[in-house]
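These are my notebook entries on a single chain. I record below what I looked up and what I found.

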Amino acid sequence: MTTILPKWLDTHYNVTLPTDAARMRYVITLSQLNVMNRTGGPFGAAIFNADGELIGHGVNLVVPQNCSIWHAEMTAIYIAQRNLKHYSLDNCTLYTSCEPCVMCYGGIHWSGLAAVVYGATKTHAEAIGFDEGHKPSDWAAALGSIGCAVSGPLLADEANEVLQLYNQLNFVVY
């Protein structure tokens with residue numbers, strides 16, 4: 001299984017970022033570039049190892065790929081696992097521009113990630129019409145119970161600005 005990542009995303013490798021805020025700004029930038037380049041939805045995600053090195057990144061590709069599974073988080077998980085040549089992402093953290101939807105919540109569970117940090121909230125995404133699905137209200141605690149720490153929202157206002165831009169441009173909401 002392969003994905004066609006936008007060409008502009010090829011220039012974003014060899015990245016090491018020292019802080020949660022820097023990593024969150026990185027994924028917010030990916031989400032904004034995805035909107036501005038008209039290459040997909042307003043979501044970005046990246047997986048970093050414990051040293052802050054980028055392992056894999058993704059943007060939402062649902063519309064250009066005509067495939068509902070290509071959310072930014074799922075794309076980043078796929079790329080990171082392919083790059084590591086292993087199905088488990090233990091000792092890695094997922095940074096995502098928006099709280100994971102129900103599908104991505106499941107993907108996070110099965111990927112073995114050590115942590116998740118999110119930006120905008122489910123409420124922000126749903127406010128412009130995205131259907132995020134039903135997750136348990138204690139979803140963060142549930143991931144915590146399997147060793148995946150969750151924190152956020154982090155830089156939610158900045159992440160929400162990209163959602164609002166996407167909405168103002170009247171792009172497809174799915």
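Entry 1. Alanine 156.
Is alanine 156 buried or exposed? I note beforehand that the model is a predicted one. I find a relative accessible area of 15% for alanine 156, which is under the 20% limit, so the residue counts as buried. I place alanine 156 in helix 7. Leaving aside residues up to four places away in sequence, I list Gly119, Ala120 and His124 as the residues that alanine 156 touches. I also looked up its separation from aspartate 10: the two are 146 residues apart in sequence, and their C-alpha atoms are 26 Å apart in space.

Entry 2. Helix 1 against helix 7.
I next examined how helix 7 packs. Two packed helices are described by the angle and the distance between their axes. For helix 1 (residues 20-36) and helix 7 (residues 156-168), I read that the axes come within 9 Å and cross at roughly 10°. Because angles under 35 degrees count as roughly parallel, I describe helix 1 as roughly parallel to helix 7. On the side of helix 1, I record Arg25, Ile28, Ser31, Gln32, Val35 and Met36 as making the contact. On the side of helix 7, the contributors are Glu158, Ala159, Val162, Leu165 and Tyr166. Sorted by class, I have seven nonpolar, two polar and two charged residues in this contact.

Entry 3. Salt bridges.
How many salt bridges does a search of the whole structure find? I obtain three. Side chains of opposite charge can pair when their charged atoms come close.

I took the pair of arginine 25 and glutamate 158 to begin with; their closest N and O atoms are 3.2 Å apart. This salt bridge links distant parts of the chain, with arginine 25 in helix 1 and glutamate 158 in helix 7, 133 residues apart. I find arginine 25 partly exposed at a relative accessible area of 40%, and glutamate 158 partly exposed at 29%.

I then turned to lysine 135 and glutamate 99, whose side chains meet in a salt bridge at 2.7 Å, N to O. This pair, too, links distant parts of the chain, the two residues being 36 residues apart. I locate lysine 135 in the loop between helix 5 (122-127) and helix 6 (139-145). Glutamate 99 sits in the loop between strand 3 (92-98) and helix 4 (102-111). I log lysine 135 as buried at 6% relative accessibility, and glutamate 99 as buried at 10%.

I finally looked up glutamate 126 and lysine 122, which form a salt bridge with their closest N and O atoms 3.9 Å apart. Both residues lie in helix 5, four residues apart, or about one turn of the helix. I find glutamate 126 partly exposed, with a relative accessible area of 34%.

Entry 4. Cysteines.
How many disulfides does the count give? I record zero. Why is cysteine 67 without a bond to its closest cysteine sulfur? I find that sulfur in cysteine 104, 12 Å from the sulfur of cysteine 67 and therefore too far for a bond. Cysteine 67 is partly exposed, with a relative accessible area of 26%. I also checked cysteine 98, which is in no disulfide; the nearest cysteine sulfur, that of cysteine 101, is 9.0 Å away. I log cysteine 98 as buried at a relative accessible area of 2%.

Conventions:
Residues numbered from 1 in each chain as written. Predicted model: local features only at pLDDT ≥ 70, side-chain atom pairs only at ≥ 80, totals over all residues. Heavy atoms only, no water. Axes fitted to C-alpha atoms, helices over the stretch in contact; angles between N-to-C directions. Parallel < 35°, antiparallel > 145°, perpendicular 65-115°, else oblique. Contact = heavy atoms within 4.5 Å. Nonpolar A, V, L, I, M, F, W, Y, C, P; charged D, E, K, R; others polar. Buried < 20%, exposed > 50% of the residue type's maximum accessible area, 1.4 Å probe, protein only. Salt bridge = Lys/Arg side-chain N within 4 Å of Asp/Glu carboxyl O. Disulfide = S-S within 2.5 Å.
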